[in-house]
Amino acid sequence: MTPRAAPAFKALPHVGRASELSLLADWMSDVGGGRGGVQIIAGQSGIGKTRLAKALLERAERDQWQAAIGRVYTVETGVPYAVWSDALTALLRDMDANARNVITRGGGWLGTICPAFGTESATDDPDGRQDGKARLLWNCAQFLGRVAEKRPLLLVLENLHLADGASLELLHFVARQIGDARVGIIATYAETELDENPPLRDMEQSLLALGAGKLMRLDALAQHDIEQLVCETFSVDHPLARQLGRRLFAWTRGHPFFVEEALKTLVETGRLHQRDGAGPWLGWEVQELDLPRSVRSAVSKRLDHLSAEARTVAGVAAVIGAHVRFHPLRDASELSNDAVLGALDELCKAGMLVEVADGDASYEFTHPILQDVVYDALGAARTRLLHAAVARSLETLHGAQALAHADGLAFHYSRADPSDDGGKAALYLAAAGRDALVRHADRAAADYLTAALDRPSDGLDRDTLTDDLAQARQRLGEYDAAMALWLRARTEAGARGDTARVARVERRMGLACFWSGRFEEALAHFEAALAPTASGQYDMLRARIQLNRGTCYQALGKPQDAERDLGQALATAERLGDKALLARAHRALLFLHIFVGPPDTARDHGERALRIAEEIGDKTVEWSAHYGLATLAGLTGDGDRVLQHLEPGERLADELQSPVMRVHTDELAMQYAFASGNWDGGIALSERTIAIARALNQRTLLPRLLVWVTQFYTARGDYERAKEYLDEAWELGAPRAGVPSRCIPRSPCTLGSRATTWRSASMRRR
């Protein structure tokens, strides 16, 4: 099951540049018709200028044009005509010597630009003084026109921000002379370097004013472009692939070079991979993106050109985060107003920061990657000091509303020296952790709450913190870590004689066992939780425990016990008029009656649960009601209703950012794919879903997924792969996950009943 090394990363497809390519195609048509000129393409380094130019070169070659490319390199910035020499040398090398002599009029002038093709008399005149500068410029322009008489000519001159003055002067002259020739010149430069090369700026302005040149600025790609780019690169269209596209966009702001390097790194490290080097790509569940070495190197070079004040301000800005306000920046940098403003101007001109038009003197890094590189260069000690300084400044700035900004304050306090927060860190960390838990940002919640518990504080409810942290761990599939927290909490509550607290903790322990597939242990915890609630003093808590125990009875194959507990919980919910509890009771009865029937009763409970959940805005119950109703529809042969509930279930899982929910809905999609005979799509979906279930430690669900992928491979006749998965399912089934052995068939042939029912659902839909 270990993935082998993935194939070499292929070039990214052309995505998000349709309008630019269309404009450039029209320009090339004009050139081919005898209206030559210069097309300037400007943008940040790595924004896609070269890719666009190469696309035009490929088009020129397909259309039987002559084409050549020249580049300026950093170490050759002082060489006269370097970019022209690079381009024309390639062009001249392909010519017959006699033809070259005729078309260059003897080549005396040519030695100044391309010494390898000049006459001996010209080699001692590197600046063109012997022929005179005007003659040199004129001869070069005439030469290009003669070359293009038989076939149109396209020249690409790259990196003109590094070009020498002589090269720019020649380009300006040529641009004015080729208006009636079939000569097109693409000139590219990095716009952040324009102010460093005044001749380039002057040349551009002059050509635009004369109408001899056109300017195209390239911006970063949009989020939907990055999503499409990921899907096209890996020939996949799956929500998890699009989620990776969204994460890449958030990290790179749509910068193509950064996106490409990040994807290369994911492939090279095997985090995105194909099983046995073929088939569907796996690993879309990746959450953390590593900074590629090539990107770090490129960004570090940009930092080297900054002044000391600009580097200081950039470091503080990197610590502050995505949205940088002037006052915290000034306070933490300990520089004067004028020095900070000067540094900000420098950083904006360098394309590192951009001013935000919010009326509050705020700035943002143009790319989060820039922020990451600057931050990493600070060092641990300096970083801790800056985080503490920023936290104090922000707390002062927010004043009485500081808790409303707990997330930002917690971020800084959690990274500052614990001895430097005066006990405030735990307060903000706890508040941020609770907010993250509500948003289902479970990893962030776990990090914040762990840090809060590790910090000294007299003003926090540590029981609530423990409960919240254990819930976050449980959602992340870290059941053992959650159980360790509950065990400690139960011991502490028992020592205090807090029976209600003991009951709540026992219930949570039961849930942790239930979701990790240990149903007998879960039942014991639920029964222990019910004991302290028998007095009638804790009706709501008792009803919740009954719901949990009833679900556990169902998993153990005891429907009568399950129906008794769930019915009592429903009655309590109706008596108390608690809609949240009522929705959960109907949801639990939906799943019970899916198991025992009749279907109409299951559907009635499911629709009630869905209606109440939508009314009160409980998206978790809303998702599970859709999931249950989709399952019921599949088992009763109603294909239309499968999709009717599956699609909103997928949408809610993505909206809640819950990979566990998504895995469950993908299981239904796998079943529907099997029923529809979509073997290839089902295998691709199954492989991805199984990889995610393994990463999430879904020990109860994973055996079922393995059984379904077994069916797909059996249908395709790949019995060896089918047996491999079925053996794994059997190993995970009864002995480890608490799943009754009858739930994991020994042969794909014994899977017939459910598969047949789902197939009938598909046929009915057809």
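This is a short selection tour of a predicted model.

**Stop 1: the sheet**

Select the five strands of the open sheet. Their order is S2-S3-S4-S1-S5, and the pairing is parallel. Strand S2 (66-71) and strand S5 (213-217) form the edges, each pairing on one side only. From one strand to the next, the twist averages 15°. As background, strands of a sheet pair through backbone hydrogen bonds, either parallel or antiparallel.

Now narrow the selection to S1 (residues 37-43) and S4 (residues 183-190). Seven bridges join this pair in the parallel sense. Pick Gln39 and look across: Ile186 in S4 stands opposite.

**Stop 2: helices on the sheet**

Add helix H7, residues 165-177. H7 packs on the sheet and touches S1, S3 (153-158) and S4. The direction of H7 makes about 145° with that of S4.

Next, show helix H8, residues 198-210. H8 lies across S1, S4 and S5. Relative to S5, H8 runs at about 115°.

**Stop 3: a helix pair**

Select H1 (residues 18-32) and H2 (residues 49-62). These helices pack at an angle of about 45°, and their axes are 11 Å apart. That angle makes H1 oblique to H2. The crossing of H1 and H2 is right-handed.

Show side chains at the contact:

- From H1, display Glu20, Leu21, Leu24, Ala25, Met28 and Ser29.
- From H2, display Leu52, Ala55, Leu56, Arg59 and Ala60.

Colour the contact of H1 with H2 by class: eight residues are nonpolar, one is polar and two are charged. A reminder on helix geometry: an α-helix has 3.6 residues a turn, so residues three or four places apart point the same way.

**Stop 4: one residue in H6**

Go to Asn139 in helix H6, residues 133-147. Is Asn139 buried or exposed? Asn139 has a relative accessible area of 17%, and the cut-off for buried is under 20%, so Asn139 counts as buried. Leaving aside residues up to four places away in sequence, Asn139 touches Trp109 and Arg146.

**Stop 5: helix H14**

Finish at H14, residues 326-333. Which residues of H14 are buried? They are Phe326, Pro328, Leu329, Ala332 and Ser333.

Now bring in the partners. The buried residues of H14 pack against three helices, H13 (308-320), H15 (337-349) and H17 (380-398), and against strand S8 (324-325).

Last, step to Glu334, which follows H14. The phi of Glu334 is positive, near 60°.

Terms used: Residues numbered from 1 in each chain as written. Predicted model: local features only at pLDDT ≥ 70, side-chain atom pairs only at ≥ 80, totals over all residues. Heavy atoms only, no water. Axes fitted to C-alpha atoms, helices over the stretch in contact; angles between N-to-C directions. Helix = DSSP H or I, 4+ residues; strand = E, 2+ residues; numbered from the N terminus. Parallel < 35°, antiparallel > 145°, perpendicular 65-115°, else oblique. Left-handed = near helix turned anticlockwise from the far one by under 90°. Contact = heavy atoms within 4.5 Å. Nonpolar A, V, L, I, M, F, W, Y, C, P; charged D, E, K, R; others polar. Buried < 20%, exposed > 50% of the residue type's maximum accessible area, 1.4 Å probe, protein only. Pairing = 2+ DSSP bridges.
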